[in-house]
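Reader: Hello! I have this model open on my screen and would love a close look at one part of the interior. Could you walk me through what is there and what surrounds it?

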Amino acid sequence: MTSRVPRADGDASRFRQRPYFKPPWWPDIVGIGRDADTDCDRVSMHVIASYRLLAPKALLR
């Protein structure tokens, strides 16, 4: 699963270790590997933050 992050956050070292990975195709994309130990609350946080980066301003209100 991938999501967008602010570019400065995308370079953070925390996204270079499990469960995260850095896909090579875009600098502000972070991937999250999912398995039985995946923290769904953390995944939810990333999905919401990614949506807020991409959503039209009217929908954010």
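Author: Happily! The largest nonpolar core has 6 residues, namely Val5, Phe15, Tyr20, Val30, Ile32 and Val43. Please keep in mind that this is a predicted model.

Let us begin with Val43, one of the core residues. Leaving aside residues up to four places away in sequence, Val43 touches Met1, Ile32 and Thr38. Ile32 is thus a good place to go next, since Ile32 is a core member and also a residue of the sheet, where Ile32 in strand 3 is the bridge partner of Tyr20. Tyr20 belongs to the core as well.

Now for the sheet itself. It is an open sheet of 3 strands in the order 1-3-2, with antiparallel pairing. Strand 1 (2–4) and strand 2 (20–21) are the edge strands, and each of them pairs on one side only. Strand 3 covers residues 29–32 and pairs with strand 2 in the antiparallel sense over 2 bridges. Besides the pairing of Tyr20 with Ile32, you will find Phe21 opposite Gly31 of strand 3. Towards the other edge, strand 1 and strand 3 run antiparallel and are joined by 3 bridges. Here Arg4 stands opposite Ile29 of strand 3.

Try looking along strand 3 to see how its residues alternate. Val30 and Ile32 point one way, Ile29 and Gly31 point the other way, and all are buried. The pair Val30 and Ile32 is the one that you have already met in the core.

Strand 1 deserves a closer look too. Ser3 is found in this strand. With a relative accessible area of 7%, Ser3 is buried, because the cut-off for that class is under 20%. Not counting residues up to four places away in sequence, Ser3 touches Asp28, Ile29, Val30, His46 and Ser50. Among these, Val30 is a core residue, while His46 and Ser50 fall within the range of helix 2, residues 40–54.

Asp28, another contact of Ser3, leads us to a charged pair. The side chains of Arg4 and Asp28 meet in a salt bridge, at 3.4 Å from N to O. This pair links distant parts of the chain, with Arg4 in strand 1 and Asp28 in the loop between strand 2 and strand 3, 24 residues apart. The count of salt bridges comes to 1. The two partners fall into separate classes of exposure: Arg4 counts as partly exposed, at 26% relative accessibility, whereas Asp28 counts as buried, at 14%.

To finish, follow helix 2 out to the surface. Tyr51 has its place in this helix and is partly exposed, with a relative accessible area of 43%. Together with Leu59 and Leu60, Tyr51 makes a nonpolar surface patch of about 300 Å². Tyr51 can count towards such a patch because its 43% is over the 30% that patch residues need. Beyond helix 2 comes Ala55, in the loop that leads to helix 3 (57–60). At 9% relative accessibility, Ala55 counts as buried. If you would like one distance to check on your screen, Ala55 and Ala36 are 19 residues apart in sequence and 30 Å apart in space, C-alpha to C-alpha.

How values were computed:
Residues are numbered from 1 along each chain as its sequence is written. This is a predicted model: local features need pLDDT of at least 70, side-chain atom pairs count only at pLDDT 80 or more; totals for chains, interfaces and linings use all residues. Side-chain values use heavy atoms; hydrogens and water are left out. Patches are made of residues with over 30% relative accessible area and no salt bridge: like charges are joined within 9 Å, nonpolar side chains (Val, Leu, Ile, Met, Phe, Trp, Tyr) within 5 Å. Accessible areas come from the Shrake-Rupley method with a 1.4 Å probe; for residues, only the protein chains shown count as cover. A salt bridge is a side-chain nitrogen of Lys or Arg within 4 Å of a carboxyl oxygen of Asp or Glu. Helices (H or I, at least four residues) and strands (E, at least two) are DSSP runs, numbered from the N terminus. Buried means under 20% relative accessible area, exposed over 50%, partly exposed in between (1.4 Å probe, protein chains only). A nonpolar core is a set of buried Ala, Val, Leu, Ile, Met, Phe, Trp, Tyr and Cys residues joined through side-chain atoms within 4.5 Å. Contact means heavy atoms within 4.5 Å. Two strands pair if DSSP finds at least two bridges between them.
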